Amino acid sequence: MITNTLARRRSVQPAIPGVVTLLLRYIGLMVVDAFALWLIFSLINDGIWELAIAIGLITLLVNIINLSLPLKPLRWISPAFALLALGVIYPIVYTVYVAFTNYGDGHLLTKAQVVQLLERRTFVPETGVRYRWEAFINEAGEYALWLTAPDGSAFFVIGQGELQPVSGEIPETYQGFRRATRAERTRLLAAAANQQFGPEGNRLSVTRDFAAALVPRFRYDSATDSVTDMQTGAVFTADDEIGFFVDRAAFEAARAQNPEARARDFVMKIEGFPAGVGYRTVIGFANFERFFNSPALRGPLLSIFAWTVAFAFFSVASTFALGLLVALLMQGKFAGRRVFRTLLIVPYAIPALISVVTWRGMFQPQFGIFSQIFPGLPNVFADGTLTRIAILIVNLWLGYPYFMLVCSGALAAIPADLYEAAQVDGASRFQAFRFITLPLLLVSVGPLLVSSFTFNFNNYTLIAAFNEGNPVIADSPIPAGQTDILISYTYRIAFSGQGRADFGLAATISIIIFLIVGTVTVMQMGLTRRWEEVSRNV
Amino acid sequence: MRNKFTTFLLIAAFAFSALGVLNVRAQDATLLIWADDTRAPILEALAAKFKEEFGVNVKVQQVGFGDIRSQVKTASPAGEGPDIFVGAHDWIGELSKDGLLEPLDLGDLAKKFTEASLNGFTYEGVLYGMPYAVENVAFVYNPEIVKEVPKDFDEVRKLSEELIKSGVVKYGFVRQSGDPYHFFPIQTAFGGYVFGYEEGVGYNAKDLGIDSEGSIAALKWFEGMVKAGLQPAGVDYDVMHTLFTNREAAMIITGPWALGDRLRPSGVPYAIAPIPGGGRPFVGVQGFMINAFSKNKELAKTFLFDFIASEDIEVTAKGKDGVERKGIPMVLFGFDRPSAFLPALEKLEDPDLIAFAQAGVNGLAMPAIPEMASVWQAWGNAIEAVANQQVSAEEAFKTAAEQIRNLLK
């Protein structure tokens, strides 16, 4: 009877997905595609090509996975693939790309965006007239203008009709139009900034200050990749090597006289671009060259690297040691064990940033609790060594509950008969710990030690929130702090130290940091493998 | 296979039609303004009035003052930026370098603004913002403890020593650490400077004065204060004002932002005087800037020039402090700082703000040149290194000047 039911159930299950399932899947895919396409188009609109291409490729992949039969098993994991590509792989690729560009202040916009800004600029040619204008409106909501030229002559123009000469005071009503109110006048400017009046050939544009036949100030020629200033006739050619529009003629002339002349000194400068019309461009290995050649950058790098390694190492060592100790203590049976355990997890439950800022307050030399308890305590933040010790204490507080939890679990998994056997063999408690607990513990906790090391290597939050890398290194060639780790130093260089955002250089440095961390991780993987061998021999 | 292809076509067709629907955006012109939490409530009230008088919608988004600059840089090129945003004049060097600011022409309206405020927003002869308020630090002291304002900083030290010896206070004069902005007036009192300033031309980035004689003399004075134990360590904004309002310190250098925040609520008597020894504070100007990527530039100009700078429109607005005020827009913007708009400045009644304005008469506009950004950290680090007694004053400023020259190379 029972087997019968089972068999029937199995036969009911369709081999091909039902119409509803299929429909739902296609509708779902349509929604995803529509959203992706909308995103892609608005990104292209904004000139962000890289992300548009990435999203396009990811969407295509998701579609292929969901529509192709052989790849069907992958379809439930495809959202994860999509997020992985977008959230992890794309930023990495983009960072590498940025490292080869001059992206940063002065070169923030893409060439297309700069051209777009330039092409929107207008000017009144010398022959043109700037009219003062007064808006009129009729019942239908159509606008007319009463124009007064600087020489006193006046015209009335309805929409895109002819300019009719008029004279005298501006009347309240004229030809079925009445004077527009302030709101209507403002709405005229709001409807479209380039509201056009007058006949073709003498089309006037209205701005807040005047109405005049406006001419585009700059014309971009994509064939020669150059911008012509229509007002002065000057031509500026895009120089993709430095990311500026450059007066090539003047530059060539100067170079004929002096071969040392640099294109940089002939960049196009206009109102609104006081430092030259610059754009984002690929500059090859220039950022890497700058990083390795500049003594200013190399200066404190060695000591910062040493401290970064020491900080990460001691943080992991201390949190692991304390976490393991507490976990061992917690194995015993005593009253209030649960309460203790809960309390011990508290540092882990409070957001790290809040803890760090609280610790910072406690170390404050005037009103901090430590200086209240120990009146002779020197100002911790004034001394590099003391600050480093304080940072390690704070990180110990933040980090030990994690290892306590992990070790508790791992300790429970060690078979009790191993200890019994050890006892029979006459091993001391320390020997049991040394030769049974620790090796077996490291098998499961080892990889976590590696990841904790990597995490602390880049623990920007702690350094930034606790003391911003201070106290300063007094004799460094560029601003740097004694407790700066590589990542906070990168931040200084990229966003504040240089005084301007230099994303290209920052990306370069983060690639170098990645190489360092990667090397360290690979080396530690080797260690982990050794621990695994230990476990196999047990 | 053909089936799959048809499905794909169907999906693509549907996707494109959805795209069409989504892309039809209402073509209503709405001005978008970014402002900090102090200006946003005022602008909200003004937006309602603007809608009433000028018939155009204004949307105000609150963004932290410090975040506006970086957000403008990321959002504007993507077309998501505001039409108008509130900011400080020393941003214009950086933002104009990026091509993000619309050059402005105030025309006749320019006469209604203080010259210093317009100078602040001018970079290489082009105006990039319409100022609404100025701010500068002044010498703030407790008149119950300090009977006579010290004439220069040597007297400040003498007075500090006397006051501490007599046990009236724990400290005499206390300096706020963390940024060299509060140190600059002391530096100028000794004849020091940061960048050479030429009237009518502006700052000369080639003339760095961090290691000038006067600057070093000022830092030596401070070093003396530290070594004599007259300066507590690690004094930030909060600690300095707590010391002052607890009557543990008698003299500080602070700005008008401390009035509503610290000085008035504390009930401790305070008086405001110009910086001793003729020290020149940095004058910061706050104003409105127009995004170069804005699609409503003419409207934005109408909002700023014809409405915000109008003298015949009165608005009632509730400020961040909960107090309701009535007046022309510029008066509302100048409630916690001296106004940059002359008709509003003339209406100023608050004696504290008048005192701050007087302390700023000889002030120097904070340099807006991009080179200034390379100065702050090295300069500040040098002062902190002396405060921590890591190095001597002379060495500290010489190193800082070298660091800055390295950065500017």
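This report describes a predicted model, from the build of chain A to a hairpin in chain B.

Residues are numbered from 1 along each chain as its sequence is written, and chains are lettered from A in the order in which they are written. In this predicted model, local features need pLDDT of at least 70, side-chain atom pairs count only at pLDDT 80 or more, and totals for chains, interfaces and linings use all residues.

**Chain A**

Chain A holds 19 helices and 15 strands. Both are DSSP runs numbered from the N terminus: helices are H or I with at least four residues, strands are E with at least two. The radius of gyration of chain A is 35 Å, well over the 24 Å that the globule rule gives for 538 residues, so the chain is more spread out than a compact globule. That radius is taken over C-alpha atoms, and the rule is 2.2 Å times the number of residues to the power 0.38. The C-alpha atoms of chain A fill a box of roughly 120 × 85 × 55 Å along the principal axes. Of the 538 residues in chain A, 31% are buried. Buried means that 20 or more other C-beta atoms, placed from the backbone, lie within 10 Å of the residue's own.

**Where the chains meet**

Here 59 residues of chain B are in contact with 55 residues of chain A. Contact means C-beta atoms, placed from the backbone, within 7 Å. On the side of chain B, α1(B) gives the most, with ten residues.

**Two domains in chain B**

The bounds come from an automatic or database domain assignment. Domain 1 of chain B covers 30-135 + 283-359, and domain 2 of chain B covers 138-280 + 375-408. Their C-alpha centres lie 30 Å apart. Ten residues from domain 1 and nine residues from domain 2 make the contact. Helix α14 (residues 351-359) of chain B gives the most to the domain 1 side, with six residues.

The table gives two sides by class.

| Side | Nonpolar | Polar | Charged |
|---|---|---|---|
| Chain B, touching chain A | 30 residues | 16 residues | 13 residues |
| Domain 1 of chain B, touching domain 2 of chain B | four residues | one residue | five residues |

Nonpolar covers Ala, Val, Leu, Ile, Met, Phe, Trp, Tyr, Cys and Pro; charged covers Asp, Glu, Lys and Arg; the others, Gly among them, are polar.

**A hairpin in chain B**

Strands β14 (residues 315-318) and β15 (residues 324-327) of chain B pair in the antiparallel sense over four bridges. Pairing needs at least two DSSP bridges. B:Val315 and B:Ala317 point to one face of β14(B) and are buried, while B:Thr316 and B:Lys318 point to the other and are not. B:Thr316 has B:Lys326 as its bridge partner in β15(B). Five residues lie between the strands, and B:Gly322 takes a positive phi near 85 degrees.

Methods: A residue is buried if 20 or more other C-beta atoms lie within 10 Å of its own, exposed if 12 or fewer, and partly exposed in between; C-beta atoms are placed from the backbone. Two residues are in contact if their C-beta atoms, placed from the backbone, lie within 7 Å.
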